[in-house]
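The exercises below are to be worked with the sequence and the model open side by side. Each task is followed by a solution in steps.

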Amino acid sequence: MKKIILLIMVILLTGCGKGNVEELGQNLKQMELYGNLVTYQAYYHNVIEYEKKAGSGVTHLLEQDRELFVEYKGTIKLGISLDEVTIDVQGNEINVKIPKAKVIGDPNIDEDSFKEENFMESKDTGLNKNPITADDSSKALKQAQEEMKKNAQEDQELLKLAQNRAKIVLEENIRQFSMLKENQYVINWKLD
């Protein structure tokens with residue numbers, strides 16, 4: 001009697017597994033992949049050096065170039081574009097291609113650290129003054145954002161970390177949407 005019950009359970013479990021594997025593709029198609037997936041936020045502590053050139057022309061005679069230094073903190077977000085993720089199902093194999101990670105959005109510079117009272121300026125000793133203005137401060141802020149973004153885009157280790165975190169998030173979503181046990185499917189990953 002025990003052998004018959006065990007045989008019936010094995011047949012039922014095997015049959016259920018096959019049905020689920022066939023529905024795997026349909027279940028994964030329900031995953032909506034669009035927009036950006038932010039997987040990492042990096043913190044920066046930098047110094048920006050901004051140079052204000054002396055003006056040209058008669059009205060700017062004897063003006064001197066000025067330098068502005070600002071120590072600042074900021075954050076930048078990294079992740080992947082979900083639109084570029086491809087998921088292909090072949091039987092019980094799921095092939096997932098993940099794009100390279102990238103900077104998402106503009107860097108966020110901490111306003112408290114980028115205040116005029118924190119500016120260090122070169123002295124203006126010319127007879128004709130060349131003051132650092134609010135416009136120069138805005139240009140320095142923009143330059144700081146561009147430098148932070150460039151540094152993050154060139155940091156291959158940081159980008160790889162963000163891409164690997166995206167893989168973990170996608171793997172968890174695939175598990176939830178597939179409604180299968182881990183041993184019923186195989187995920188093959190391709191990371192750009």
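## Exercises on a predicted model

**Exercise 1. Side-chain pairing in helix H3**

Classify arginine 175 by its relative accessible area, and describe its link to glutamate 171.

Solution.
- Step 1. Arginine 175 has a relative accessible area of 28%. The class of partly exposed lies between 20% and 50%, so arginine 175 is partly exposed.
- Step 2. The side chain of arginine 175 meets that of glutamate 171 in a salt bridge, with an N to O distance of 3.1 Å.
- Step 3. Both residues are in helix H3, four residues apart, and are therefore separated by about one helical turn.
- Step 4. An α-helix has 3.6 residues a turn, so residues three or four places apart point the same way.

**Exercise 2. Salt bridges in helix H2**

State how many salt bridges a search of the whole structure finds, then describe those that glutamate 146 and glutamate 154 form.

Solution.
- Step 1. The search of the whole structure gives five salt bridges.
- Step 2. Glutamate 146 pairs with lysine 142, and their closest N and O atoms are 3.8 Å apart. The two are four residues apart in helix H2, which means a separation of about one helical turn.
- Step 3. Lysine 142 is exposed at 51% relative accessible area, while glutamate 146 is partly exposed at 47%.
- Step 4. Glutamate 154 pairs with lysine 150, with 3.9 Å between the closest N and O atoms. These residues also lie in helix H2, four residues apart, about one turn of the helix. Lysine 150 is partly exposed, at 49% relative accessibility.

**Exercise 3. Confidence and overall layout**

Decide which elements have the lowest and highest confidence, and give the order of helices and strands along the sequence.

Solution.
- Step 1. The model is predicted. The average pLDDT is 77, and 74% of the residues score at least 70.
- Step 2. Helix H1 (residues 2-29) has the lowest confidence, with a mean of 44, and E5 has the highest, at 91.
- Step 3. The pLDDT is below 50 over residues 1-19, a stretch with one contact in the model beyond near neighbours in sequence.
- Step 4. The protein has three helices and seven strands, arranged along the sequence as α-β-β-β-β-β-β-α-α-β.
- Step 5. Of contacts between residues at least 6 apart in sequence, 80% join residues at least 24 apart.

**Exercise 4. The nonpolar core**

Find the residues with the most contacts inside the largest nonpolar core, and list the elements that each supply at least two of its residues.

Solution.
- Step 1. The largest nonpolar core contains 34 residues, and Ile80 and Phe114 have the most contacts inside it.
- Step 2. At least two core residues come from each of strands E1 (36-52), E2 (66-81), E4 (93-98) and E5 (102-109), and from each of helices H2 (134-154) and H3 (156-178).
- Step 3. Beyond four places in sequence, isoleucine 80 has contacts that include Leu37, Val85, Ile98, Ile104, Ala166 and Leu170. Ala166 and Leu170 are among the buried residues of H3.
- Step 4. In soluble globular proteins, nonpolar side chains tend to be buried together.
- Step 5. Across the protein, 32% of the 192 residues are buried.

**Exercise 5. Two residues of strand E2**

Are serine 81 and threonine 75 buried or exposed, and which residues do they contact beyond four places in sequence?

Solution.
- Step 1. Serine 81 lies in strand E2, as does threonine 75.
- Step 2. The cut-off for buried is under 20% relative accessible area. Serine 81 has 7% and is therefore buried; threonine 75 has 15% and is therefore buried.
- Step 3. Serine 81 contacts Gly35, Asn36, Pro99 and Lys102.
- Step 4. Threonine 75 contacts Gln41, Ala42, Tyr43, Pro107, Asn108 and Met148.

**Exercise 6. The length and end of H3**

Compare the expected span of H3 with the distance between its end C-alpha atoms, and identify what follows the helix.

Solution.
- Step 1. H3 has 23 residues, which at 1.5 Å a residue should span 33 Å.
- Step 2. The end C-alpha atoms of H3 are 32 Å apart, in agreement with that span.
- Step 3. Methionine 179 follows H3, and its phi is positive, near 55°.

How values were computed: Residues numbered from 1 in each chain as written. Heavy atoms only, no water. Core = buried A, V, L, I, M, F, W, Y, C linked by side-chain atoms within 4.5 Å. Buried < 20%, exposed > 50% of the residue type's maximum accessible area, 1.4 Å probe, protein only. Contact = heavy atoms within 4.5 Å. pLDDT = per-residue confidence, 0-100. Salt bridge = Lys/Arg side-chain N within 4 Å of Asp/Glu carboxyl O. Expected span 1.5 Å × (residues − 1).
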